[in-house]
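Thanks for sharing this one. Here are my notes, in numbered points, for you to read alongside the model.

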Amino acid sequence: MKKILLSVAAVVAAAYSALAVAIVPQPQSIDKHQNAFVLLPSTTLVCASEEFAPLAAYLQEYIPVKYISKVAPKRNYVALSLVEGYDKEAYTLSVSRDRVEISASDYGGAFNGIQTLLQLLPSEVYT
């Protein structure tokens, strides 16, 4: 399996420069960084919340990860995190070299975060 480079900064910068961000649902704000995350066959999908477990299985259908864990390793993981204080269906998608994290207070927010992540992935993921 070949490595897939997830370069959110480049994709978001290109979309942002097109005047309107081509992501649905449209983000409230975007912070651009030069971070890139590499999906590997050993990448772990982390989901400690039972509420988000169906979403972890859904995400696993689209990204090449073999493992779902409740505990995050030191690096190279994608995490679905249940947090308090977000508005209904709101989320944060954070990407660094070591991890991708989708944080939300409810199922709808986590689902929206997954949809944004899937839209940012290179087309090679889907072939």
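1. A word on terms before the pairing: two strands pair if DSSP finds at least two bridges between them. Helices (H or I, at least four residues) and strands (E, at least two) are DSSP runs, numbered from the N terminus. With that settled, cysteine 47 has leucine 80 in β5 as its bridge partner.

2. Please keep the provenance in mind: this is a predicted model, where local features need pLDDT of at least 70, side-chain atom pairs count only at pLDDT 80 or more, and totals for chains, interfaces and linings use all residues. Residues are numbered from 1 along each chain as its sequence is written, and side-chain values use heavy atoms, with hydrogens and water left out.

3. The protein chain holds three helices and seven strands, arranged from the N terminus as β-α-β-β-α-β-β-β-β-α. Of its 127 residues, 39% are buried (under 20% relative accessible area, with exposed over 50% and partly exposed in between; 1.4 Å probe, protein chains only).

4. Five strands make an open sheet with mixed pairing, in the order β4-β3-β5-β7-β6. The edges belong to β4 (67-69) and β6, each with a single partner strand, so one side of each lacks a neighbour in the sheet. On average, neighbouring strands are turned by 15 degrees against each other, direction ignored (axes are lines fitted to C-alpha atoms, for helices over the stretch in contact; angles run from 0 to 180 degrees between N-to-C directions).

5. Within the sheet, β3 runs parallel to β5, joined by four bridges, and β3 also pairs with β4 in the parallel sense over three bridges. Leucine 45 has isoleucine 68 of β4 as its bridge partner. On the other side of β5, six bridges link it to β7, again parallel, and alanine 79 is matched with glutamate 101 in β7.

6. Why is β5 largely enclosed by the rest of the structure? Five of its six residues are buried, so the surroundings cover most of it.

7. The largest nonpolar core (buried Ala, Val, Leu, Ile, Met, Phe, Trp, Tyr and Cys residues joined through side-chain atoms within 4.5 Å) has 23 residues, of which Leu59, Ile63, Val78 and Leu80 touch the most other members. Its largest share, four residues, comes from α3.

8. Finally, α2 lies across β3, β4 and β5, at about 160 degrees to β3. Leaving aside neighbours within four places in sequence, leucine 59 is in contact (heavy atoms within 4.5 Å) with Leu45, Val78, Ile114, Leu117 and Leu118.
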